[in-house]
Structure formats: C-alpha cells, structure tokens
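This report walks through one protein chain, from an aromatic contact to the sheet and the pocket. Keep the structure open alongside the text.

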Amino acid sequence: DASEGGLAVALAETVFNTDLGLSLDLDLTKAQLFSETPGRFVVTVAPEDTAAFEEILGDDAVAVGVVTADHAVRADLADGSLDVAADEAQKIWEEAIPCLMKSKD
C-alpha cells in the first residue's frame, strides 16, 4: 500500500530486512514520489512471471524498476536522482515515530 509515505516508502519497505535493493526509473519528481495518494500498491513479480502479470492487469500495472543484489535504493527521477543505502532508509523509517513522539510541537 503506497498511501502512507507514498511510493517512495512503499518501495523502500520491500527491501527492508533483506539483502536486496532496487533500481528504479520513474517519470516522477521527488515530491511526487512521496505523494500519499490512496489506492496504489506495490507488487514484486519474478522476471519469469512479468509477462503474465502485465497481461492480467494491462494498463493498470506500471513497471517501475527491478530488484537488485546491492542493498540500496536507486532511482532516476524527472528532477534528479535518489541513492540511499537500504539500511539507512530502514533506520530513518524505524526511528521516525519515536522521534515524532518526543517532539514538543
């Protein structure tokens, strides 16, 4: 589900607690990558099943990248690029709620 934190968080979560990474090619800006528009979700599909998956979903499915073995999230975006170690992204994600709970605002 890509509603909380947007597509960026949903994609990053797919590689948390794994040795895998992502290589993404998205025609989105950095701001759009974090858009929390509801009704979207991320599915990973084995390469040998990609054609069948795309045939079933047709235009409702959009391939955004591939799984890699380098444990990093890399994205080419409309307004630049993103390159972050998956462990670093996971640490930020895990610490976000406790950090907000300690905030005095």
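## Aromatic pair

Tryptophan 93 has a relative accessible area of 41%, so this residue counts as partly exposed. The model is a predicted one. Phenylalanine 16 is at 10% relative accessibility and therefore counts as buried.

How many aromatic pairs does a search of the whole structure find? The search returns 1 aromatic pair. Phenylalanine 16 and tryptophan 93 form it: their ring centres are 5.3 Å apart and their planes meet at 50 degrees, so the pair is tilted. A tilted pair falls between the two cut-offs, because planes under 30 degrees apart count as stacked and planes over 60 as edge-to-face. The contact links distant parts of the chain, with the two positions 77 residues apart in numbering. Phenylalanine 16 sits in the loop between H1 and E1, while tryptophan 93 belongs to helix H4, residues 86-102.

## Chain layout

The chain holds 4 helices and 4 strands. Read from the N terminus, the order of elements is α-β-α-α-β-β-β-α. Along the principal axes, the C-alpha atoms fill a box of roughly 50 × 30 × 25 Å. The chain has 105 residues, and 26% of them count as buried.

Helix H1 spans 6-13. Is H1 largely enclosed or largely open? H1 is largely enclosed by the rest of the structure, because 7 of its 8 residues are buried. Those buried residues are Gly6, Leu7, Ala8, Val9, Ala10, Leu11 and Ala12.

## The sheet

The 4 strands make an open sheet, ordered E2-E1-E3-E4, with mixed pairing. E2 and E4 (80-85) are the edge strands; each has a single partner, so one side of each lacks a neighbour in the sheet. From one strand to the next, the twist averages 10 degrees. Strands of a sheet pair through backbone hydrogen bonds, in a parallel or an antiparallel sense.

Take the pairings in sheet order. E2 and E1 are antiparallel, with 4 bridges. Here leucine 22 stands opposite valine 67 of E2. E1 and E3 (residues 72-77) run parallel, also joined by 4 bridges. In this pairing serine 23 faces arginine 74 of E3. E3 and E4 run antiparallel and share 6 bridges. Alanine 75 stands opposite leucine 82 in E4. E3 and E4 also form a hairpin, with 2 residues between the strands.

Valine 84 is part of edge strand E4. Its relative accessibility is 18%, so valine 84 counts as buried. The limit for buried is under 20%. How far apart in space are valine 84 and valine 66? The C-alpha to C-alpha distance is 16 Å, for a separation of 18 residues in sequence.

## Positive phi in two loops

Most residues other than glycine have a negative phi. Two residues in this model deserve a look on that point.

Asparagine 17 has a positive phi, near 60 degrees, and is not a glycine. It lies in the loop between H1 and E1. Phenylalanine 16, from the aromatic pair, is in that loop too. Asparagine 17 is exposed, because its relative accessibility is 69%.

Histidine 71 has a phi of about 50 degrees, again positive in a residue that is not a glycine. Its loop runs between E2 and E3. Is histidine 71 buried or exposed? Histidine 71 is at 17% relative accessibility, so it counts as buried.

## Largest pocket

The largest pocket holds about 880 Å³ of space. Its lining has 31 residues. Val42, Val43, Val62, Ala63 and Val64 lie nearest the pocket centre.

Which elements each supply at least two residues of the lining? They are helix H1 (6-13), strand E1 (21-25), helix H3 (50-57) and strand E2 (65-68). H3 gives the largest share, 4 residues. H1, a contributor to the lining, is also the helix with 7 of 8 residues buried. E2, another contributor, stands at an edge of the sheet.

By class, the pocket lining comprises 21 nonpolar, 7 polar and 3 charged residues.

Conventions:
Residues numbered from 1 in each chain as written. Predicted model: local features only at pLDDT ≥ 70, side-chain atom pairs only at ≥ 80, totals over all residues. Heavy atoms only, no water. 1 Å grid on protein atoms, 1.4 Å probe; cavity = no way out; pocket = protein on both sides within 12 Å on 5 of 7 lines; lining within 4 Å. Points joined across faces, edges and corners; volume = space filled by probe spheres on them. Nonpolar A, V, L, I, M, F, W, Y, C, P; charged D, E, K, R; others polar. Pairing = 2+ DSSP bridges. Axes fitted to C-alpha atoms, helices over the stretch in contact; angles between N-to-C directions. Phe/Tyr/Trp six-rings, centres within 6.5 Å; stacked < 30°, edge-to-face > 60°. Buried < 20%, exposed > 50% of the residue type's maximum accessible area, 1.4 Å probe, protein only.
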